[in-house]
Structures are given as C-alpha cells and as structure tokens.
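This briefing introduces a protein structure to a reader who has not met it before. Please look over the sequence and the model, then continue with the points that follow.

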Amino acid sequence: MKKIILIISAIILIFSCTEKAEPIAVSPEDLHASVDKVTEIMIHDIFSPPVASRIFAYPNVAAYEIIALKNPEYLSLAGQLTDFTTIPIPKASMVINHEVAAMVAHMELSKRLIFSEDKIEMLRDSLYGVWGTKNPVLFEDSKVYGLEVAEHIGEWMNKDNYNQTRTMPQFSVDIEDPTRWQPTPPAYMAGIEPHWNKIRPFVIDSAAQFKPVPPPPFSLEKGSDFFKELEEVYRISNQITAKGDESEEIKIAQFWDCNPYVSVTRGHLMFATKKISPGAHWMGITKIASRKTNSDFDKTVYAYTKASIAMADAFISCWDEKYRSNLIRPETLINEHIDKNWKPVLQTPPFPEYSSGHSVVSGAASVTLTDIFGDDFSFDDDTEVAYGLPVRSFTSFEQAADEAAISRMYGGIHYRAAVEIGVKQGRDLGKFVVDNLKMTSSQKVAINQ
C-alpha cells in the first residue's frame, strides 16, 4: 500500500512540475546581446582585425548548424566549409529547444576564443538563470546538446592552423629596400599577423584565390603612376584638414576608423584608445538590418553566419596580399620625400599597405548582406555612437562599402589603388561565397532546376 501511495505521489509531482514548466522563448535580441558582448570583450582584450574575424565566425557557425537541424529552410554547412563535418544529432531521449542550444553553443565557443571569460560568463549565467527557471528539464537537455555541438565545432576550429601561427616568427622588416613596409609612428609596432594566409579558409579554396592585380610599380619619379598616387594622398589630406573637423571627408575617415588599438602619446606617457574592428562594425550593420526587417531568431543567425564567414575569408585573402606585396605606407614616404612634419588624419595601422583591409572586408560583407536583405537597403548606421561618433545613413550596403573604402584614403593611410582594387577584391570574394555556399532551401531548388 505504501508503495502505491509513493508511486501516485511521484506521478502527481511530475504532473505538477509539468504544469508549472513554461516554454522557453529565445529572441533575436538574445543573440544580438551575445554578439555585442563578444565585440565588447574583443575591444577590452585588444584583438587584431584578422583574429577578431575568426572569433566571430566559429560561434556563428555553431549556432547556425543547430538551427539548420530544426528548420528545413536552412541547409547544413557540412561538406561545404573546408574540412567541416556534420554535427552530432541529439539523443532520442532528449527534448531540445534548438534556439537555447544554439545560444549555448554560441556563448561556449565565444568564451573559448577570448581572454576575459568572466565577462561572457556573466551574460551566459543571466540567460541560464531565466531559461532554467522556466523549464529545467528542457533547458538542461538543450544545454547539454549545445555544449556537445560546441565541442564538435571546437575540434574543427582547433585544426585551422591558428595555434601554429602563434609560434611562427615576427615579420622581418627590410629597411634597405625603399619599397617595403616599415613600422610607423607613434608606436612603431611590428607587422601584425604576417602568417594569417596560413589560416584555413572557410569557403575559398586558398588564400591566393582572389589575388588582386599588383599595385602600380614603385617609383619616386614625378609623373609616375605610383608617385601620382602618393601626391594625391598628401594633397587630399591637406585639403580636408584645412577645412577643419567639420570636413565631411574627415567625418567619413573617423567614422570608419575601426582601429582596435590607437597609440596616444602625451609627453612621456603612452597609452591606447580602443575601438571596434572593421568586422565588428559590419556585424553591427548586420544587427541593424536584422532588426529593421524584424528577422526572427533563425534568420538572424543565418545573417550573422553568412556575413562572418565571408569576412573571415576576406581577411585571409587580404592579408595574403599584404605580406606578398609588402608595400610601404604613404606616411613613411611623405615624411621622407615630401613633408617631414605631415601626419595622416588617422593613425597608420601596423601592417603593409596593399590591399586595403577595410576595402576588401567591406566589399565582401556588402555583397553578402545585399544577398540576404536585398538591393537598395537603406539604413541608419549607429554602430559608432558608443565611441562618440554620430549616426551615418546609407541607401545600400554597397554605398556603405564604398564609403568605408574611400575613408582610408581620406584618412591618409592608403593609396587609391589599394582602395579601389581592394573593394573589388572583396566583392569578387563575396560573390564567390554567395554563389558557392548553399545555405537556404531556395538555393538548393535553384541548383536542381
């Protein structure tokens, strides 16, 4: 009799728990919060732009693969991304909320990729507290599965040669060759990520697949194509600085600066101001577009993933060319041959000039986002408001990319060729990603027709 009473009590308890358990709602804002937190941490930890692109890509892929498992609109990237295999399937006994699992995987991989783990753990724990209270059993199964997927993605991630590049030698500067890049003031930092072309690409077949045409041949002869571009940088800089801070060109340069580490010297004191990377700026634009279109959680994951993959490959492609051509920056030549007191509007970043990283990455991102959200997509870009800069408005992603590219010449840190050829390099790469990465069922139907 006692046994029967215990069994009945257990059944009543199970049913009462079930009645109290609520469905777990995960919104696109939760994903935006996770991506924003990663951006915030990367600024704090000072990751270079190429490394930042890697930090964005892998967590997004993990979240996307879980969503693709549930939503037939989205196709798995297994067999499409280099060396990437199918994620594990949940056990039959598990009850999974795929959005929760996607967020768990996203935050777990993000934590592995940054230094200040405690900062992302605070966001994670706050979300876990809400989800776990609503439905403990559903949350626990979803969490276990999300961590399992994160482990699978982590194993793939750890084979992309990143760890090996950490042990490779610093870039060796050839001070005897007047054409080659040299460290620039005020910090004279060594060239960052000279081995980034050894990172395994996501979609492109090699770092050199979108190798651009060479820059104009180096020449200090007046009238040569190269010297004309050098003079143009100097002339434009003088013209816009003469207008003062109200110059539209200076506003454009500052808006797209996105230099994660700007050295500031005050007397004997040197310190750094921190900003977002170019990739983080375009992740911000992705958030803006997702919100404007009221994209649901799944489409938001899709947009972040496609954009971050294109940008990660764009950095690999661009850095391959940077350390191949190894071209000297305008600041060095202008100081040596034209005006020793000249300073660019923006601080020159610590790596070779050609091609322009902002141009390549912005070109790739703009093509990808246009494919997702359409042509002539107008938006107000408030990504830089947190860094004291006003909102800028654009009529399309393409227009934003063009402005990001030319901003580098207004800033005095790139020649025209690096900008114009760079944005084409990025757009060509972006088109390749869009054409070859099949992520939606509509793409699959188009292929089979």
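How do the residues of the lining of the largest pocket divide into nonpolar, polar and charged? There are 22 nonpolar, ten polar and five charged residues in that lining. The model under discussion is a predicted one. The points below describe the chain as a whole, then its pockets and cavities, and finally some features of the backbone.

**Overall architecture**

- The protein chain contains 16 helices and four strands.
- Its radius of gyration is 24 Å, close to the 22 Å that the globule rule gives for 449 residues, so the chain is as compact as a globular protein of that length.
- Taken along the principal axes, the box filled by the C-alpha atoms of the protein chain is roughly 105 × 55 × 45 Å.
- Of the 449 residues in the protein chain, 58% count as buried.
- Among contacts in the protein chain with a separation of 6 or more, 80% are accounted for by residues 24 or more positions apart.
- The protein chain has an accessible surface of about 19500 Å², and carbon and sulfur atoms hold 55% of that surface.

**The largest pocket**

- The largest pocket encloses about 620 Å³ of space.
- Its lining is made up of 37 residues, and those nearest the centre of the pocket are S48, P49, I192, E193 and P350.
- Four helices each supply at least two residues of this lining: helix 3 (49-70), helix 7 (162-165), helix 11 (297-325) and helix 13 (357-373).

**The second largest pocket**

- The second largest pocket holds about 330 Å³ of space.
- It is lined by 16 residues, of which P185, P186, E331, K343 and P344 are the closest to its centre.
- This lining divides into seven nonpolar, six polar and three charged residues.

**Cavities**

- The count of cavities of 30 Å³ or more comes to three.
- The largest cavity has a volume of about 70 Å³.
- The residues lining the largest cavity include T184, P185, P186, A187, Y188 and M189, and N259, Y261, Q347, T348, P349 and P350 also belong to that lining.
- Eight residues of this lining are nonpolar and four are polar, while no charged residue takes part.
- P185 and P186 appear in the lining of the largest cavity and are also among the residues closest to the centre of the second largest pocket.
- P350 likewise lines the largest cavity and is one of the residues nearest the centre of the largest pocket.

**Cis peptide bonds**

- P185 and P186 are joined by a cis peptide bond with an omega of about 5°.
- The loop between helix 7 and helix 8 (225-242) contains P186.
- A cis peptide bond also joins Y354 and S355, where omega is about -5°.
- S355 belongs to the loop between helix 12 (330-337) and helix 13.

**Positive phi angles**

- N161 is not a glycine, yet it has a positive phi of about 80°.
- The position of N161 is in the loop between helix 6 (136-157) and helix 7.
- With a relative accessible area of 29%, N161 is partly exposed.
- N326, which is not a glycine either, has a positive phi of about 50°.
- The loop between helix 11 and helix 12 holds N326.
- Is N326 buried or exposed? N326 counts as buried because its relative accessibility is 9%, and buried means under 20%.

Terms used
Residues numbered from 1 in each chain as written. Predicted model: local features only at pLDDT ≥ 70, side-chain atom pairs only at ≥ 80, totals over all residues. Heavy atoms only, no water. 1 Å grid on protein atoms, 1.4 Å probe; cavity = no way out; pocket = protein on both sides within 12 Å on 5 of 7 lines; lining within 4 Å. Points joined across faces, edges and corners; volume = space filled by probe spheres on them. Nonpolar A, V, L, I, M, F, W, Y, C, P; charged D, E, K, R; others polar. Rg over C-alpha atoms; globule rule 2.2 N^0.38 Å. Buried < 20%, exposed > 50% of the residue type's maximum accessible area, 1.4 Å probe, protein only. Contact = heavy atoms within 4.5 Å. Areas by Shrake-Rupley, 256 points an atom, 1.4 Å probe, with all protein chains shown as cover.
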